[in-house]
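This report is meant for a reader who is meeting the structure for the first time. It moves from sheets to helices and then to some single residues and bonds.

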Amino acid sequence: MPSRRTFLAGTTAALGLTATTATAAPAARAVTTPVTAPADAPAARLPNLVVVLADDLGYGELGAYGQKLITTPRLDRLAAEGLRFTDAYSTAAVCAPSRGSLLTGLHTGHATVRANPSSGGQGSLTAADTTFAQVLRARGYRTAVIGKWGFGPEAPGQDSHPAARGFEEFYGYIDHGHAHQYYPEYLWHNDAKEAIPANAGGAKAVYAPDLLERHALQFIDDHAAEPFLLLLTPNVPHAPSDVPDTGAYADRGWSAANKGHAAQVSYFDALVGKVVDRLRALGLEQDTVLLVTSDNGPHEEGGVNPDLFDANGPLRGYKRNLYEGGVRIPLIAWGPGRVRQGTTDRPTPLTDVLPTLAELGGAPAPADVDGLSAAPLLAGSPDAARHGHLYWFRDELGVTSRANAQDAQRATWLAEALRRENWKAVRFAPERDHALPDAKWQVELYDLAADPGETRDLAATYPARTAELVALMRASWKDPYPRAGFGTRLTLPALAVPGEALTVTATFDNGSARPWTTAGLTLRAPAGWTVTPASPTTAQQLPAGGRLTASWQVTPPADAAPATTWTFTAEGTALAPGGPVRYPATGTVPTPPPAPTRDSYLSDLTWISATNGWGPVERDASNGKNAAGDGPPISFGGTTYPKGLGVHAPSEIAYHLGGAAARFTALVGIDDFSARQSTLGATRAKVYGDGRLLLTTPTLTAAGGPVAVDLDVRGVRVLRLVVEDANNRTSFDHTSWALARVTVA
């Protein structure tokens, strides 16, 4: 990674905090005090960017927002020195969708992650998701996420891993369930688990937030001379209320859970204070913009009583509610010389973080995000763009008593909310079907200007306005939400046969709103592989929405090792309005294992790749080493078969046949074991030969039994077995291939 000086030498203009190009509604009302940078401050220096995200910190849990019982002196000082937002919003009322929207700038009507995985929702980011780390890394920023990531699976080398989404340094929890442990036996460091032996066997010796603090401060130390982005996401004050010391609250007449919760909030306050102290010690306070916020409203789990602390302030609702208390959150922006002092009531959702950081860092941002840059507001401009409306979606199966009471016992119903100016609509669907006709939803309307506590439902009084907001809700939902390309994408073949030429393709998309110049694509291949361009690889102009596509003929050496994975990197570069940008994309292609020489069960063959497999295709195991008879026994309708491949939708397993096989036979369905777990599973299986679809089964259910597969695969080099979800209930989609076998010609 280049240093700040070398990479930014090509910057054509210093960052200008100009108004966003989005259509601007009336300006935000802000009370500001100018802060003048020192005369000798570097003119073109890009700011370091630090985002600190609390877990379940309520709107009223900081002194600056009215808290009386919990002390938060460091955050209160930042609020006094910086800009305090009174109307900031998370984009969801629970963790995963809120964090996904924060990272990608998409609200929950468009985002990939729209529900917690525990509620059966999509729990992973995808290759189509561009995070603010990818946006800023393209401008030379060093990037880190320390703490709770919150998107599975717990494995390296997949699209939802922090490294794949632009963070070059990661330390903490991948899975959001794992982040509920304050004394875990391991944490992840980049792509590897690091054991914490002192916590083995349930011991409480090492407090994980202390480790997160240490890594965050070390990252700041290591990159003080370069522009850096730090996303610090401690898991406090999420339940349980584990903390080494309840400190000032030990003598209070509260429950242990409430004492622990208060201590966690104060711990968070002290953690942010230590980050600020380190920035000051390194002389970086004039060169940094710090944002401190939360992912949703206050929780009530583990015996915590949010009402004791008035954790939602004057607002109605808690975590899981789409009323204001569930989604309005504290947001403090701080940066001496870069952020004005004061308060603002601009409705500001966390979707604004991506475009704001992009503008601060002089980086292009995707044009199809829902956020608007608040960078002009931070600098004191009176004309920062405002949203026409804000949208929320909820699909949550978790229930807590206070949240359920606020929802009138509808906490597990699908729900939507929308704010337009000071009008807020909330509606509930009695069936878990977003396509349910509007007339079947139960809708409420509130005037936040007169009734911020949402106590008076005005839907019957203003039916036309209610219908207007409902129509905006309906228009805000897109499933799926197609994205424009942004940055570099690399396309590799399924496998590389030693000595045979293959084609590698890359695309470089300008998904921003402004043109780029001097665009180019390069490809880095393994040592010893020959690479020859097969198309132009440069373009003088790359307009907004434009794409450069390049391809190369690549030939592996004839003696390339079989059954080995090889890494390629394509890199797109260009000159954007804010300076040079560089977008890498990495992919792998395997050299195949030997083709079968005799009739074989697939469970006895080495696979090329396996996603979401179990039994003989566990991703962390190597097949082909076990004796015949391996593979789990599969039972359909009481009949047990000795060979099997177990998968979980969506899944894909690829095998190298090398043109040697004549037929592929199997039974595929939801097996008896899976059916005993739940009868709700429904999948569809597909078989591909060299990319050509050979078979699609009817919908597979436990009641319907397995489907017999018998296919001609003569000449097929790569056989792919795919299982897809068929009813949007992926938690129950365990599917098995029994007697999966190829007959050699």
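Two strands are said to pair if DSSP finds at least two bridges between them. The model described here is predicted, and with that notion of pairing its sheets can be read strand by strand.

**Two open sheets**

In one part of the chain, four strands form an open sheet in the order 13-14-15-16, and the pairing within this sheet is antiparallel. Strand 13 (390–394) and strand 16 (442–447) stand at the edges with a single partner strand each, so one side of each has no neighbour in the sheet. On average, and with direction ignored, neighbouring strands of the sheet 13-14-15-16 are turned by 10° against each other. At one of its edges, strand 13 pairs with strand 14 (residues 414–420) in the antiparallel sense over five bridges, and here Trp-392 stands opposite Ala-417 in strand 14.

Another open sheet is also formed by four strands, in the order 21-19-23-24, and its pairing is antiparallel. Its edges are strand 21 (538–542) and strand 24 (579–591), and because each of them has a single partner strand, one side of each is left without a neighbour in the sheet. For the sheet 21-19-23-24, the average turn of neighbouring strands against each other is 20°, direction ignored. A hairpin of two residues joins strand 23 to strand 24. In general, strands of a sheet pair through backbone hydrogen bonds, either parallel or antiparallel.

The table below lists some of the strand pairs, each with a pair of residues that stand opposite one another.

| Strand pair | Sense | Bridges | Opposite residues |
|---|---|---|---|
| Strand 13 and strand 14 | antiparallel | five | Trp-392 and Ala-417 |
| Strand 19 (residues 516–524) and strand 21 | antiparallel | four | Thr-517 and Gln-541 |
| Strand 23 (residues 564–576) and strand 24 | antiparallel | 13 | Glu-571 and Pro-584 |

**Helix 6 and its contacts**

Two packed helices are described by the angle between their axes and the distance between the axes. How do helix 5 and helix 6 cross, and within what distance do their axes come? The axes of helix 5 (residues 208–222) and helix 6 (residues 256–281) come within 10 Å and cross at roughly 15°. Since angles under 35 degrees count as roughly parallel, helix 5 and helix 6 are therefore roughly parallel to each other. Their crossing is right-handed. On the side of helix 5 the contact is made by Pro-209, Asp-210, Glu-213, Leu-217, Ile-220 and Asp-221, and on the side of helix 6 by Tyr-267, Leu-271, Lys-274, Val-275, Arg-278 and Leu-279. Seven of the residues in this contact of helix 5 with helix 6 are nonpolar and five are charged, while none is polar.

Helix 6 also meets helix 2 (residues 73–81), and the axes of these two helices come within 7 Å and cross at roughly 55°. Helix 2 and helix 6 are therefore oblique to each other. In helix 2, the residues Pro-73, Arg-74, Leu-75, Arg-77, Leu-78 and Glu-81 meet Phe-268, Asp-269, Val-272, Gly-273, Val-276, Asp-277 and Arg-280 in helix 6. The contact of helix 2 with helix 6 divides into six nonpolar residues, one polar residue and six charged residues.

**A salt bridge between separate parts**

The structure holds 41 salt bridges. One of these is formed by the side chains of Glu-168 and Arg-137, with an N to O distance of 3.9 Å. Glu-168 lies in the loop between strand 4 (142–148) and strand 5 (169–173), whereas Arg-137 belongs to helix 4 (residues 132–137), so the pair ties together parts that are 31 residues apart in sequence.

**Backbone details in loops**

Most residues other than glycine have a negative phi, and most peptide bonds are trans. Against that background, the peptide bond from Gly-152 to Pro-153 is cis, with omega near 0°, and Pro-153 is found in the loop between strand 4 and strand 5. The peptide bond from Val-236 to Pro-237 is likewise cis, with omega near 0°, and Pro-237 is in the loop between strand 8 (228–233) and helix 6. Ala-408, although it is not a glycine, has a positive phi of about 55°, and its place is in the loop between helix 10 (401–406) and strand 14.

Key: Residues are numbered from 1 along each chain as its sequence is written. This is a predicted model: local features need pLDDT of at least 70, side-chain atom pairs count only at pLDDT 80 or more; totals for chains, interfaces and linings use all residues. Side-chain values use heavy atoms; hydrogens and water are left out. Axes are lines fitted to C-alpha atoms, for helices over the stretch in contact, and angles run from 0 to 180 degrees between N-to-C directions. Angles under 35 degrees count as roughly parallel, over 145 as roughly antiparallel, 65 to 115 as roughly perpendicular and the rest as oblique. A crossing is left-handed if the near helix is turned anticlockwise from the far one by less than a right angle, and right-handed if clockwise. Contact means heavy atoms within 4.5 Å. Ala, Val, Leu, Ile, Met, Phe, Trp, Tyr, Cys and Pro count as nonpolar, Asp, Glu, Lys and Arg as charged, and the others, Gly among them, as polar. A salt bridge is a side-chain nitrogen of Lys or Arg within 4 Å of a carboxyl oxygen of Asp or Glu.
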